[in-house]
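Trainee: Hi! Could you walk me through this structure before I set anything up?
Mentor: Happy to, here it is.

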Amino acid sequence: MSSDRAVLPWVDDQTYRDAMSLLAAPTTVVTGLDRNGRRWGFTASSVTSVSLDPPLVLVGVDRTSSCHRAMLSAHEFVVNVLAGRHGELARRFATHGADRFAGGEFDIWPGSALPCLPDANALVRCATFQIIPVGDHDLVVGAVVEARVCGSDPPLVWYRRSFL
């Protein structure tokens, strides 16, 4: 498959954004530690299961994200799968410059120093497996080393540029 724009014209940015806003996506907060042990995290709707054998998940991270460098240098991270009640938390973790951990909702994953949200619907602890540069994002593939199902509340969904 070619990425040469001369082969086929690409859709304009606004039309693409409008079309993708109609693709409902589950909302997560991805968390970890940087090289100095500082917590970092960001809201991500580009998270998906990739493989069962081995168990792998994919997280898309924009190269302009304030967490991009920390995410790419992390040896491990946690995908916190949010419930509908986590809308304010998702907004905080999506806000550039915000004190994302100010709410005090996060605990430490036992046996590690990784921050995790104990009342998330699910927690997925991953070891960085592979990083794939694609377009303006990097796709971080994580090998799932632990997972916990913590609840079954309706999910927080990103749809039409809003959390539902």
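Mentor: We can chat through the pocket, the strands and the cysteines.

Trainee: What kind of model is this?
Mentor: This is a predicted model.

Trainee: Okay, pocket first. How much space lies in the largest pocket?
Mentor: The largest pocket holds about 1600 Å³ of space.

Trainee: How many residues line the largest pocket, and which lie nearest its centre?
Mentor: The lining has 39 residues. Nearest the centre are Tyr16, Ser45, Ser46, Asp62 and His137.

Trainee: And which elements give two or more residues to that lining?
Mentor: Two helices and four strands do: helix 1 (13-20) and helix 3 (87-94), plus strand 3 (39-44), strand 4 (47-52), strand 5 (55-62) and strand 10 (137-149).

Trainee: How do the lining residues divide into nonpolar, polar and charged?
Mentor: There are 18 nonpolar residues, 14 polar ones and seven charged ones in the lining of the largest pocket.

Trainee: Strand 10 caught my eye. How many bridges join it to strand 9?
Mentor: Twelve bridges, with strand 9 and strand 10 running antiparallel. As one example, isoleucine 131 has valine 140 in strand 10 as its bridge partner.

Trainee: What about the hairpin of those two, how many residues lie between the strands?
Mentor: Two residues lie between them, and glycine 135 in that hairpin takes a positive phi near 55°.

Trainee: How does strand 6 run relative to strand 9, parallel or antiparallel?
Mentor: Strand 6 (residues 76-81) and strand 9 (residues 122-134) run antiparallel, joined by six bridges. Valine 79 stands opposite valine 124 of strand 9.

Trainee: Switching sheets: what is the order in the open sheet of three strands?
Mentor: The order is 1-11-12, and the pairing is antiparallel. Strand 1 (25-26) and strand 12 (162-163) are the edge strands, each pairing on one side only.

Trainee: How many bridges are there between strand 1 and strand 11?
Mentor: Strand 1 pairs with strand 11 (residues 157-159) over two bridges. There, proline 26 stands opposite valine 157 of strand 11.

Trainee: Last topic, cysteines. How many disulfides does the count give?
Mentor: The count comes to zero disulfides.

Trainee: Why is cysteine 150 not bonded to cysteine 116?
Mentor: Because the sulfur of cysteine 150 is 7.9 Å from that of cysteine 116, its closest cysteine sulfur, which is too far for a bond. The cut-off for a disulfide is within 2.5 Å.

Trainee: Are those two buried or exposed?
Mentor: Cysteine 116 is buried, at a relative accessible area of 4%, whereas cysteine 150 counts as partly exposed, at 37% relative accessibility.

How values were computed:
Residues numbered from 1 in each chain as written. Predicted model: local features only at pLDDT ≥ 70, side-chain atom pairs only at ≥ 80, totals over all residues. Heavy atoms only, no water. 1 Å grid on protein atoms, 1.4 Å probe; cavity = no way out; pocket = protein on both sides within 12 Å on 5 of 7 lines; lining within 4 Å. Points joined across faces, edges and corners; volume = space filled by probe spheres on them. Nonpolar A, V, L, I, M, F, W, Y, C, P; charged D, E, K, R; others polar. Pairing = 2+ DSSP bridges. Buried < 20%, exposed > 50% of the residue type's maximum accessible area, 1.4 Å probe, protein only.
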